[in-house]
Amino acid sequence: MPLKSEINPLPLLQKLAEAGARLALPAIAGRGKPLIIRAWEFGAPLDRGQWGIREPKPDAPEVEPDILLVPLLAFDRAGYRIGYGAGYYDLTIHRLRALKPVTAVGIAFAAQEVPKIPTTPRDERLDLV
């Protein structure tokens, strides 16, 4: 779900659902923890989570996606990103990649590209933007 001025992924999610993709949305589990990814479909009820972000209800099944659409504030050509600073997506990508191959796709406006993102060892690289 879009937050603040992030690109709105809902039209893309609608097209993916129409093409047969099973959708899921993240839920914040707590500071320093990976996101919980829960199954979701258009029309299913949502809760308001941390920062008012809409997320699936706690009874929605947890899933381990093959493709993760990742929001960002800025990105570089090496595939690194800056988010809002809590590290939830880095933790989530790391956890999922330890389980199986996962493609992490950043979604952004072209104007969000910068020459170089400063990185730390815990930053996970995106496969595509």
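**A walk through the predicted chain**

The chain exposes about 7800 Å² of surface, and carbon and sulfur atoms supply 56% of that area. The model in front of you is predicted, and of its 129 residues 37% count as buried, where buried stands for a relative accessible area under 20%.

The overall dimensions come next. Along the principal axes, the C-alpha atoms fill a box of roughly 40 × 30 × 30 Å. The radius of gyration of the chain is 14 Å, which agrees with a compact globule, because a globule of 129 residues would have a value near 14 Å. Of the contacts in the chain with a separation of 6 or more, 63% are made by residues 24 or more positions apart.

As for secondary structure, the chain holds two helices and eight strands, and read from the N terminus their order is α-β-β-β-β-β-β-β-α-β.

Strand β1, which spans residues 23-27, shows how side chains can be sorted by face: Leu23, Leu25 and Ala27 point to one face and are buried, whereas Ala24 and Pro26 point to the other face and are not buried. This strand runs antiparallel to strand β2, residues 36-40, and five bridges join the two. Ala27, one of the buried residues of β1, has Ile36 as its bridge partner in β2.

Charge completes the picture. The chain carries 17 positive and 15 negative side chains, and the centres of these two sets lie 3 Å apart, with Lys and Arg counted as positive and Asp and Glu as negative.

Technical notes:
Residues are numbered from 1 along each chain as its sequence is written. This is a predicted model: local features need pLDDT of at least 70, side-chain atom pairs count only at pLDDT 80 or more; totals for chains, interfaces and linings use all residues. Side-chain values use heavy atoms; hydrogens and water are left out. Helices (H or I, at least four residues) and strands (E, at least two) are DSSP runs, numbered from the N terminus. The radius of gyration is taken over C-alpha atoms; the globule rule is 2.2 Å times the number of residues to the power 0.38. Buried means under 20% relative accessible area, exposed over 50%, partly exposed in between (1.4 Å probe, protein chains only). Contact means heavy atoms within 4.5 Å. Accessible areas come from the Shrake-Rupley method with a 1.4 Å probe; for residues, only the protein chains shown count as cover. The place of a charge is taken as NZ of Lys, CZ of Arg, CG of Asp or CD of Glu. Two strands pair if DSSP finds at least two bridges between them.
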